[in-house]
Amino acid sequence: MSKELLSSDWRLVYEELQVEQKKLRKNYSTILLLANHLVTHNSRALGQNVWEVYESIVLASLDCSDYEITTSALSKLSARFPKSTRVLVLKGILLEAKGHSDEVLELYQEIKRNEPLNRECRKRKITVHKSKGQNKMAIQELCEYLSLFIGDTEAWLELCDLYIIELDLYNAGFCIEELILSNPLSYLNHLKYAEICYTKGEEYWDSAAKHYTKVLTLKPDSIRALFGVILTFYAIMKMSRQNLQSKEKRMVDWAKCKLKVLYRNSGNETGCRMLENTIQYFDK
Amino acid sequence: MATTSIEISPTAYAKILSHILKYQHYTVNGLLIGNQNGDPLLIQDVYPLFHTGHGLSPMLEIALIQLDTTFSSEQTIIGYYHAFENCKQQSPDVHCERIMDKISEHFKQAILLLVDNHALTKIKEEGSKLPFHIFSRQDSSLRLASKAQIFSNESCISSQEVIEKKLYESCVDFDDHLEDTRLDWSNSKITELIVSKFS
């Protein structure tokens, strides 16, 4: 982040802020710096957008644990929108950060009662349960949420992860089946499904192999799936005490070649050496 | 006999810290490499594993095979470190136990370093304790090894190095490596930097 940017036109700063906020891995200290600069120097120019900038200040300052800034931004927001649930949820997040989890659960329960379709609040409530280590409660709330918002793919993934932590791989698999149905061409869902099947145990290795190969038809250079194919087919072979059928052998050999090529092209020498060792291990 | 004294090298410590700091919001784990017959047990190096998909086994098995076949008989996987995404969780879960079962098939005295998330706030202070709870396997279950002690000669300097120079941004774990094979999950860059600092 350069100082020049901050002294340039405010529109550029605003643009940069929006770019930063769309990133998957957000750098909250940058967001805080940009947003703070905007509200102190250009609040009038921003017009109605200033409130969104305040909102990002609240979230970013919480991540940097600078609660003083959070409180001052929140007071601006609640003065402007005294009845807003969105602001109320932000207040809840501050309570969460300070560790008042029982208080905040009450607040969210209250909002949930008044506005049963408020997604933000329901999601926050689930995270509070999760942070208190109440995974079962989180699962219950998440199931309730998904019965209302069945199309929320991220929520299905979260539910899946919670089931995995609770060792309920059957239900974890079910979550991914839902996702595969809604988006059959996404390789990521097949990949996760294959990994769950493999973890479930030997009865499910056939379907693990099936889904790993499906991933490879959708994304031929998926390293995880290539390793997965080799691992699964060898595991099946070891279990059934038979040599690989010619079709399976072709598949495994192809995966090995493909991996070698991909590693060689990447120019990572340590990686190449480790791959060689791994392949030798399987060949033994 | 359970191990009672464990030494961790500055490189290994710096890598663990980098991994935790890079993926602060996730559950992260990794493998400890050391000498089988060392006394005190010395953690020489660390291979960071995952920050997603905790609890699924296929890629973990691949990582274990890769390391197992790479190291000579003397140097081997001597344990495992784990940091939960949840600050409050202070004891290993079923998945940690399973991984430890697997590691102790090869090395009986395997140790688990569970990261104490609260202690992480104080690591930069001189003379502070290392932020780990040590667990070891006793009678086929994981127990807190209350007598075991972990020490490092230069932990303070390596934590300053990691935090102030933002070394953690260059940390690569096996998850990253599987997404992009160009990335080196042995983190030789961090090794070089730390080693040059101490030589």
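**Exercise 1. The bridge partner of B:His82**

Task: In this predicted model, determine which residue of β5(B) is the bridge partner of B:His82, and describe how the chain passes from β4(B) to β5(B).

Solution: Begin with the pair itself, in which B:His82 is matched by B:Leu114 of β5(B). Next, place this pair in its ladder: strand β4 (residues 75-83) of chain B and β5(B) run parallel and are joined by four bridges. Finally, follow the connection, which leads from β4(B) through helix α3 (residues 94-104) of chain B to β5(B) and forms a right-handed β-α-β crossover.

**Exercise 2. The surroundings of β5(B)**

Task: Establish how many residues of strand β5 (residues 111-115) of chain B are buried, and which residues point each way from the strand.

Solution: Taking buried to mean under 20% relative accessible area, one finds that five of the five residues of β5(B) are buried, so the strand is largely enclosed by the rest of the structure. Sorting the side chains by direction then places B:Ile111, B:Leu113 and B:Val115 one way, and B:Leu112 and B:Leu114 the other way, all of them buried. A further step considers strand β6 (residues 132-138) of chain B, with which β5(B) pairs in the antiparallel sense over five bridges; within that pairing, B:Ile111 has B:Ser136 as its bridge partner.

**Exercise 3. The sheet as a whole**

Task: Work out the strand order of the open sheet in chain B, and state which strands are its edges.

Solution: The eight strands of this open sheet follow the order β7-β6-β5-β4-β2-β3-β1-β8 (chain B), and their pairing is mixed. At the edges stand β7 (141-144) and β8 (149-151) of chain B, each of which pairs on one side only. Direction ignored, neighbouring strands of the sheet are turned by 35° against each other on average. As one parallel example, strand β1 (residues 5-8) and strand β3 (residues 41-50) of chain B pair over three bridges, with B:Ile8 standing opposite B:Ile43 of β3(B).

**Exercise 4. Helix α2(B) between the sheet and chain A**

Task: Describe across which strands α2(B) lies, and analyse how the helix meets α15(A) and α13(A).

Solution: On the chain B side, α2(B) lies across β2 (28-35), β3 and β4 of chain B, and runs at about 140° to β3(B). Turning to chain A, helix α15 (residues 223-240) packs against α2 (residues 58-70) of chain B at an angle of about 80°, the axes being 10 Å apart. Since angles of 65 to 115 degrees count as roughly perpendicular, α15(A) is roughly perpendicular to α2(B). The residues that meet include A:Phe227 and A:Leu231 from α15(A), and B:Ile62 and B:Ile65 from α2(B); by class, this contact comprises six nonpolar, two polar and two charged residues.

For the second helix, the axes of α13 (residues 187-200) of chain A and α2(B) come within 8 Å and cross at roughly 75°, which again makes α13(A) roughly perpendicular to α2(B). A:Glu195, A:Tyr198 and A:Thr199 here contact B:Pro58, B:Met59 and B:Glu61, a set of three nonpolar, one polar and two charged residues.

**Exercise 5. B:Asn35**

Task: Decide whether B:Asn35 counts as buried, partly exposed or exposed, and list what the residue touches beyond four places in sequence.

Solution: B:Asn35 belongs to strand β2 of chain B. Its relative accessibility is 24%, so B:Asn35 counts as partly exposed. Leaving out residues up to four places away in sequence, B:Asn35 touches B:Leu41, B:Leu42, B:Gln44, B:Glu74 and B:Ile78.

Key
Residues numbered from 1 in each chain as written. Chains lettered and ligands numbered in written order. Predicted model: local features only at pLDDT ≥ 70, side-chain atom pairs only at ≥ 80, totals over all residues. Heavy atoms only, no water. Axes fitted to C-alpha atoms, helices over the stretch in contact; angles between N-to-C directions. Helix = DSSP H or I, 4+ residues; strand = E, 2+ residues; numbered from the N terminus. Parallel < 35°, antiparallel > 145°, perpendicular 65-115°, else oblique. Contact = heavy atoms within 4.5 Å. Nonpolar A, V, L, I, M, F, W, Y, C, P; charged D, E, K, R; others polar. Buried < 20%, exposed > 50% of the residue type's maximum accessible area, 1.4 Å probe, protein only. Pairing = 2+ DSSP bridges. Right-handed = clockwise from strand over helix to strand, strands pointing away.
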